[in-house]
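Student: Please take a close look at one strand and its surroundings in this model. I would like a connected account.

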Amino acid sequence: MVRRFSRPLLALTAATSAVVAAIGGGPAAGHAQGGSVLIRDVRTGFDLLGSKSQPSTPTDYIQPDTQIEPSIAVNPHNPLNAVAVYQEGRVAGGGDATNGFATTFDGGRSWRYGEAPGLTSYPGQTGPFDRASDAVVAFGPNNDVYLSSLVFDDTSDQALRSGMAINVSKDGGLTWSQPVFFADDMLEGLNDKNWVVVDNSDATGHHKGRVYVVWDRVAAVFYDYCDSGCDQLSNWALGGTFQQLDLPPAYVTQAIGATPVVLNDGSLAVIFDAAAGGIPTGTNFEQTLTSLATSRLTVVTAPLAGTQPFPTPLIWGPPIYIADNRGSQPRSQRAGSLPSAAYDTKNGILWVGWEDARLHTEAAPENDAFVASSSDGGVTWSAPMKLDPSTPNDHIDRFNVSVSAGTDGSVHVAYRQRVEADDPAKFSPAVDTMYQESSDGGKTWTAPMKVNLVADDARYGAFSRLGTFHGDYNGIATSGPYSYVVRAESYAMTPGEPVALTLAPTSTQPDQMALTGKAHQHQQVWVAVVGPAQQVLSATPTAPETSAGRPGEAAAAGTTPNTSASVTSRGAALSLGALLLTVVAASGRRRRRS
């Protein structure tokens, strides 16, 4: 079970106006009046996989009761239907036992959850790979949903095999097909960090229902696409084993975090972090020969993607430089550094969000939430804009920035936030989730609103690479009046429970953590639903309930891959508009991130 809530977990003070001040280069976000409210915040389900086999090494340990790194999508034709996907049963060395899903048809009040079938060989699963990872999701027409996963071998076959998988749901995310492994090779796990998008428009230049998946192989960004019947390998344009190695990639040098978006003219734009970057355009660029940045936000575009005859390769334009990504690694945890992208179809504005430490002066600089935008399809870009009301030495780390856009021209941003310190022993264990929005094309933004009702404690979280692991990314998706903010939350299950992760400093890594309490990790996926005030359904924070109405418990997941359990919840209404958050003090690139 989870802890019952005895009081609201937000600290707010009334204010009629505020200004988010600019600190250093680039404009700051002006303050907008009004805005949305928090309708509910709900746990979507449980990880019931557990650890069913003895690991060969500590890094192979399947961490029970851990859900990690979620993505979310919402039905463009039904804003009450959303699907979250995530890793389940984290492995410290990389990947998970398998990927899971949670689906709602009533705006987040209740959820059905389970595991994507056929990905891994973990007991109870039916797939061929040792591990899964990097679960992402997108809606297409006709209630079709596409769950994209990275899959790889960790110990089998000398850990050479990896690939890309897609599971398809034709009923809004309730049941799922067996996966198609449209990329599958023996190149020592070079496949990494996938994302998926679907063209949902039937306007000129588009191919309605065309599914695009992009990912990197460390030294290049690759892609594949499908027009229909995507649960069959033969319907993927470039699907197979080694075929794609002979085709020109979307980008040819080191990159990660590729995120695809479909533009109004049917073009496919892909935004990612790259070591080399792209062509600087317009008057706003900071990429120079003397720049110290090692990661540059970059975009490439396939201008004829929507009219390209299947199954011919897409034709890509030159890479365009957006901005330096000066993100700083959050301390005592693994998180961040990947960009998020969204497209405002009403105004034709392409958005990118990321964390960036350029304005901070702490000994280990903290991050702010940044965005930039393009109104010409990614050819030229605005100056980077800081959204949050930080000061250069506030020791508040804001990371895992996610961005979405509504069909009404609104833009929505969510990010995590943690109070840190020069001394890692003085870090706050709490990791909060913040939300801001703009209804005028990014000219002004609402003040940050805390949307997590559960009190997160990073010491009970999943463990990866010497730190707590909530995810390299979180997610936000918008349809109609609703935005869904998904993230992983960790906490004790009983009062006074010993912590799972403890500080284990060394002379070279003073903020590293160690997994010292294997029986005490508890991390689950939660979704906050934000929308208009008149949509509020409850004004009292409550613990999640099952369909039987008992707080803190949920029915067990079924034994077959497409049998799912359910959980229901009531949420809270908390005003954003004229309320300002009172900040509470308590509050390298590897070969494979996975």
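Tutor: What follows describes one strand, its partners and its side chains. This is a predicted model, in which local features need pLDDT of at least 70, side-chain atom pairs count only at pLDDT 80 or more, and totals for chains, interfaces and linings use all residues. Residues are numbered from 1 along each chain as its sequence is written, and side-chain values use heavy atoms, with hydrogens and water left out.

The part chosen is strand β21, residues 349-356. Strands are DSSP runs (E, at least two residues), numbered from the N terminus. Of the 8 residues in β21, 8 are buried, so the strand is largely enclosed by the rest of the structure. Buried means under 20% relative accessible area (1.4 Å probe, protein chains only).

In a regular strand the side chains alternate between the two faces of the sheet. In β21, Ile349, Trp351, Gly353 and Glu355 point one way, while Leu350, Val352, Trp354 and Asp356 point the other way. Both sets are buried, Glu355 and Asp356 included.

Two strands pair if DSSP finds at least two bridges between them. Strand β20 (residues 340-344) is joined to β21 by 5 bridges, and the two run antiparallel. Within this pairing, Asp344 lies opposite Ile349 of β21. The two strands form a hairpin with 4 residues between them. Gly348, in the turn, has a positive phi of about 65°.

β21 is also joined to strand β22 (residues 368-374), by 7 bridges and again antiparallel. Here Trp351 is found opposite Ser373 of β22.

Note on methods
Buried < 20%, exposed > 50% of the residue type's maximum accessible area, 1.4 Å probe, protein only.
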